[in-house]
Amino acid sequence: MANGRGRREPVFDAPATEAGELDFRLSPEDRAGGNMARRRASRQDDDRPSRRPSKPRKAKRKGGRSFISKLVYAGLVLCLWGIIGVGGVVAYYASQLPPIDQLTVPKRPPNIAIMASDGSLLANRGETGGRTVTLKELPPYLPKAFVAIEDRRFYDHFGIDPIGIGRAIYRNVAHSGGLQGGSTLTQQLAKNLFLTQERTASRKIQEAILALWLERNYSKDQLLELYLNRVYFGAGAYGVEAAAQRYYGKSARAVSLSEAAVLAGLVQSPSRLAPNRNPERAQARAELVIAAMNELGFITPGMTKTALGTPAEAVRPNGAGSANYAADYVMDVLDDFVGTIESDIVVSTTIEPPLQAAAERVLVDELNAKGQKFNVGQGAVVAMEPDGAVKALVGGRNYEQSQFNRATTARRQPGSAFKPFVYLTAMERGLTPDTVYEDGPVNIKGWTPENYDRKYRGPITLRDALALSLNTVAVKLNMDVGPKAVVQTAQRLGISSPMQANGSLALGTSEVTPLELVSAYAAFANGGIGVTPYVIAQVKTADGKLVYKRPNGGGLGRVIDPGVVAMMNEMMHNTFVIGTARAAQIPGWPMAGKTGTTNDYKDAWFMGFTGNLVAGVWLGNDDGALTKKVSGGNLPREVWHSFMQIALKDKQPVGIPGQERFRDSVPVAEAGQDPRYAAAGNGESAWIPPAPQQRRNSREKNFFEKLFGL
């Protein structure tokens, strides 16, 4: 058409009608599809060159391309829909998470490090079992051990490791020795921080989403530090510091390479790979960790050889774990001083590890040696300085078997160990150690208490009556001064347990705890100052900021007149001279105290003190079962004596208030020949009856005598 070929010029000559008018009507040729159009189409076909021979081959090639194109198209569509589907699933599970802009790493539960007086660790308390540590504090090979075995591409991926996932899939298919996970350290951290431990597809998707968020907001070192402080190592230990303390008895800052390898391998299966229960499996896993570290160049061949040649050995707990009883007591009273705890703190205590260990050892040894014979299964020991500072506290035979703290919580009848409060009340009303009472039958409205040996000694001084632990005299004194007055005296000295103001109070029928009783006896040891037992010296945050420090003093003030204290100590010292505590003497040391045994030998006590230490021992059974004649003068006395020998070794003797009144020159051998002599508890007592002029009529006072104080 461009060169004019086939072009037809328009003709404007219209035929005229019979009337001479022009005819503008369309003819059939002028209409669409008419003869003119058909002729034009025919001419165009004649002018177009023929290509029919090549059409079949082109059609065949076009058909092949069409099939491949359809496959590609279908694949793209499927991929698109897959992406849309995955995006929808991710969006759905992401919607189940908190809003990303509001997401924060939850605070690690605070750890409470409880330290002994010498700065050594007694125990960790809190949900984690150990304090937070930083990467800078740790030996370099410790964090590298975790990277080597758990996520060797940790510093290269973006939170999700496709290569690691592919490698895990390949190994799971190629090997039948158990499944290998593809989670990165970041994913594991996300799970520990935000999610549950359930193994579901939804949890894995949320884990991946959170891992991406963590990677975006924290550096790799920050993530690794978070991981090391949050991962679970079994046995209640969360974080590498808690695990190091739990399994190796040391800080994570001091673990060796072989120990670090065990800890790194442990997180895969804490129960199955625990080094204290499955040392062979733990070591086999540790060797894999060391090999991986060597392969990655984290350690030298020499370090590898050394670590493999010196396998780590988990520490075995020494003894019965009694330090945990002291730690539990710390936790019981900590709230009174620091309130809500929001960060790691360090609590310095008054506990002395040598004394704590000694108290535990002598108690356990005594029960192991004689417990079965005497049918006694439990005990408690409390030792404190005269100002109330607790130095040792053992609440039971074995903490792992029973966490019940008998030293602070168990209320038991003190028996004759309560009598000093009766005698103290009498001394404060004018009586003296030389006052004579009649040791004879007693009948109070049908109640007839008897002495330990069911014998009577006639007239006897109060000094000797207390030393021989005579029940009749104690009951008479109690009724003379009034049970309510005795209750008030005991409360003044620190007994807070409920007490019944009745006749049997003198025999120790109102229950008290060992800690209460030892605290009350401390007033005798320090010259009459009431004490509140304390175990916390100070509290600091992990970075050294002082939170609490115990002020000087802090006791109950003077609760006994110094002159009365001297008389009481004279009488209680006599217990070590002629009474039930004779076998507990330690040469060169002034001592005073009292034994206690309840009816039917259910509970047995020994309470004693020097000028620098007050200690008490209780023995009995948790279920209240009767012992086979365990009295304060036998097994408890042996425990107390053994403990004090260790506690006072290589120390200079310290005097007791009122020591100038002590009478140690008692002719015991001659007194033993007196027909009026009688054993008072353990068959080793010696007693000299008072001279006639010292005797005092001990009959019960009548109404007018009591009214006018005659």
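**Close-up views of a predicted model**

**View 1. The open sheet and the helix packed on it.** Five strands, here meaning DSSP runs of E with at least two residues, as helices are DSSP runs of H or I with at least four, both numbered from the N terminus, form an open sheet of 5 strands in the order E5-E4-E14-E13-E12, with antiparallel pairing, where two strands pair if DSSP finds at least two bridges between them. Strand E5 (390-394) and strand E12 (592-597) stand at the edges, and each has a single partner strand, so one side of each is left without a neighbour in the sheet. From one strand to the next the twist averages 5°, with axes taken as lines fitted to C-alpha atoms, for helices over the stretch in contact, and angles running from 0 to 180 degrees between N-to-C directions. Strand E4 (residues 378-384) runs antiparallel to E5 and is joined to it by 4 bridges, and Met384 stands opposite Val390 in E5. Helix H19 (residues 562-577) packs on the sheet, where it touches E12 and strand E13 (604-609), and its direction makes about 65° with that of E12; contact means heavy atoms within 4.5 Å.

The model is predicted, so that local features need pLDDT of at least 70 and side-chain atom pairs count only at pLDDT 80 or more, while totals for chains, interfaces and linings use all residues. Residues are numbered from 1 along each chain as its sequence is written, and side-chain values use heavy atoms, with hydrogens and water left out.

**View 2. The crossing of helices H16 and H17.** The axes of helix H16 (residues 471-481) and helix H17 (residues 483-492) come within 6 Å and cross at roughly 95°. That makes H16 roughly perpendicular to H17, a term for angles of 65 to 115 degrees, whereas those under 35 count as roughly parallel, those over 145 as roughly antiparallel and the rest as oblique. Asn478, Met479 and Val481 in H16 meet Pro483, Ala485 and Val486 in H17.

**View 3. The surroundings of Thr184.** Thr184 lies in the loop between helix H4 (162-174) and helix H5 (185-194), and Thr184 is buried, with a relative accessible area of 1%, where buried means under 20%, exposed over 50% and partly exposed in between (1.4 Å probe, protein chains only). A polar atom of the Thr184 side chain lies 2.7 Å from the backbone oxygen of Gly159. Not counting residues up to four places away in sequence, Thr184 touches Asp151, His157, Gly159, Ile160 and Asp161.

Key. Polar contact = N/O pair within 3.5 Å; in protein donor to acceptor, adjacent residues only side chain to side chain.
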